[in-house]
Amino acid sequence: MKDILLRITVLALMVLMALQTSAQVIPQPVELTPATGTFTLSSETRVLCNLKSVERNRMMSYLRELPWKMRCGKAGLKMESVVELRKSRLPFSSNNEAYSLTVSPHKAIIKANTDAGLFYGLQTLLQMGTEDGNTLKVACARVNDYPRFSYRGWMLDISRHFFNRDFIKKQIRALARYKINTLHLHITDNGGWRLEIKKYPKLTQRAAYRATEDWMAFCNPQGFDYCTRDTPNSYGGYLTQADARDIVEYAALHHMQVIPELDIPGHNNELFAAYPDLACPGKTPRTSGELCIGNEKVFSFYQDVLTEVMRIFPSRYIHLGGDEANRSNWQQCPLCLKRMKEEHIDNVAELQNYFMLRMERFLRQHGRSMIGWDEILDGDISKSAVIMSWRGAGEATAKAKTRGNKVLMTPTSNCYLDYYQDDPQTQPKAIGGYLPLKKVYDYDPNPDNSSLVMGTQGNLWTEFVATESHAEYMTYPRILAIAENGWTPQARKDYPDFHRRAIRACAYLKSHGYNTFDLTTEKGKQE
Ligand SMILES: [Zn+2]
């Protein structure tokens, strides 16, 4: 009888442990098998790591950031608590972010094909733990895991409202925990120019500050008042090149790429405050955001800017926008009309395409590829361009797939983090829309399993997001759903279970200084 009771107790404990373990990790791993016992991570834990040179230094720098300040141990010595990071070929996956994790009472072993995989195994280990004073208690388990998509992103618009280096680095720390591997920075737009360009200092002297913080007061036909930093009540800011390099380096430490976006040929109002002759003749920041495609100087200007941008950002991809240009401006411009005549261009849509093709060619000549919003499909863009689909799984995405372009899925319907996440009556002003956590989570970025879909991303546009705490509020927890959509196989997704894990993740984020939306008081939309 005693035996049976003991067995039942052990079984119940195992089930409890299993629940605890699996109830914690975001994104949900592909395969997680609970085991008995607990591993304790503390400042006494020693690290055994077979990485070499740059990869080793990067891992060690990251480990030093963690609260436990784990030091390297020596193989063969008796140690109470060991984390072993072993780069070696995984039998179950060749994916470069895959890992296996085996947690037993005295040892956690992470194996991966690359150092990125080891990093993600470590994130899973950290998430499986419960903080207990200065230690982390981790229920024993075995995990085999790899991502569904190679691209899992978060976009931050630092033009409409400026967010500085320290804020961006703080977000990198949190996002990496949930295996987001791309930070897309929307750097230039009509809200302000946000990156120092050495060759064109007026960009940050005259176009990085504006007369009012308030978006509605600024963005209207009587507005678009840009100013210098020393103007009384000026609002704005920019990243110096040193700031931007620091962000790139910090992101690399967290196995995250940074993709910069310069939005062209529309959305350039701020540029004309600094260099007015890049607009069509007679146009001003108030009357146009479109570059003059008839003016050869526009091409040399952006090639110079991109040359500096490529020196700062090593990413394979550079985002060149391409969205929402008001093409009617070109129809009235003598220079643009002349260009159309000379180049045998029939209409202004093709004129935009002529511009994008030339810029794309410039990137390719420098070993980079272009990402553009899905409007770039209106023209005959090259196959190497990646389409960022914001208008959804409809026509644009189908067109990209037919033509063989790779696609990143960021539809407004499921990925726009500037939309309301709860009953608008209860929420700070948002741009519109209604996108609660469940709707983000229910999205499948690739229902037909096309090999052209590279991944998915949450976009935080900031017209109505003026403060750091508000930016975090809009991001968390919805980005956690994007993270799971980007990593976890569709069949492993389960909203009630995710919801529980997200509440727990928000508690963790809150305790580490992030302002999150409170899921426990979510009302849902009131019709
Ligand atoms: Zn023009």
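A crossover between two strands is right-handed if, with the strands pointing away from the viewer, the path from the first strand over the helix to the second runs clockwise. In this predicted model, strand 9, helix 4 (residues 165-177) and strand 10 form a β-α-β unit of that right-handed kind.

**Strand 9 and its partners**

Strand 9 spans residues 151-157, and seven of its seven residues are buried. The covering extends to both faces of the strand: Tyr151, Gly153, Met155 and Asp157 are buried on one side, and Arg152, Trp154 and Leu156 are buried on the other. In general, strands of a sheet pair through backbone hydrogen bonds, either parallel or antiparallel. Strand 9 pairs in the parallel sense with strand 22 (residues 453-460), over six bridges; here Arg152 stands opposite Thr456. Strand 9 also pairs in the parallel sense with strand 10 (residues 182-189), over five bridges, and Asp157 stands opposite His186 of that strand.

**A three-stranded antiparallel sheet**

An open sheet of three strands shows antiparallel pairing, in the order 13-12-14. Its edge strands are strand 13 (226-227) and strand 14 (235-236), each of which pairs on one side only. Strand 12 (residues 209-210) is joined to strand 13 in the antiparallel sense over two bridges, with Tyr209 opposite Cys227.

**The zinc site**

Which residues coordinate the zinc ion? The donors are the SG atoms of Cys280, Cys292, Cys333 and Cys336, at 2.3 Å. Along the chain these donors follow the spacing C-x11-C-x40-C-x2-C. The angles among the four donor atoms run from 104 to 113°, and the site is tetrahedral. Two of the coordinating residues can be placed by their accessibility: Cys333 has a relative accessibility of 2% and therefore counts as buried, and Cys336, at 0%, counts as buried.

**The nonpolar core and aromatic pairs**

In soluble globular proteins, nonpolar side chains tend to be buried together. The largest nonpolar core of this model has 159 residues, and those with the most contacts inside it are Trp193, Leu195, Leu271, Phe301 and Tyr302. Helix 9 (residues 296-312) supplies the largest share of this core, nine residues.

The structure holds 24 aromatic pairs. Two of them are set out below.

| Pair | Centre distance | Angle between planes | Geometry |
|---|---|---|---|
| Trp193 and Tyr302 | 6.4 Å | 40° | tilted |
| Tyr473 and Phe517 | 5.8 Å | 80° | edge-to-face |

The pair of Trp193 and Tyr302 counts as tilted because its planes stand at 40°, and planes count as stacked under 30 degrees and as edge-to-face over 60. This pair links distant parts of the chain: Trp193 lies in strand 11 (residues 192-193) and Tyr302 in helix 9, 109 residues apart. Are these two residues buried or exposed? Trp193 is buried, with a relative accessible area of 0%, and Tyr302, at 0% relative accessibility, also counts as buried.

The pair of Tyr473 and Phe517 likewise links distant parts of the chain, with Tyr473 in helix 16 (residues 468-475) and Phe517 in the segment after helix 18 (495-511), 44 residues apart. Both Tyr473 and Phe517 are buried.

Trp193 and Tyr302 further belong to one aromatic cluster, together with Tyr200, Tyr275 and Phe301. Of the cluster members, Trp193, Phe301 and Tyr302 are also among the residues with the most contacts inside the largest nonpolar core.

Methods:
Residues are numbered from 1 along each chain as its sequence is written. This is a predicted model: local features need pLDDT of at least 70, side-chain atom pairs count only at pLDDT 80 or more; totals for chains, interfaces and linings use all residues. Side-chain values use heavy atoms; hydrogens and water are left out. Buried means under 20% relative accessible area, exposed over 50%, partly exposed in between (1.4 Å probe, protein chains only). Helices (H or I, at least four residues) and strands (E, at least two) are DSSP runs, numbered from the N terminus. Two strands pair if DSSP finds at least two bridges between them. A nonpolar core is a set of buried Ala, Val, Leu, Ile, Met, Phe, Trp, Tyr and Cys residues joined through side-chain atoms within 4.5 Å. Donors are N, O and S atoms within 2.8 Å of the metal (3.2 Å for Na, K and Ca); water is not among the atoms, so sites may look incomplete. Four donors count as tetrahedral if all angles lie between 85 and 135 degrees; four count as square planar and six as octahedral if opposite donors are over 155 degrees apart and all others between 65 and 115; anything else is irregular. Rings of Phe, Tyr and Trp (its six-membered ring) pair if their centres lie within 6.5 Å; planes under 30 degrees apart count as stacked, over 60 as edge-to-face and the rest as tilted.
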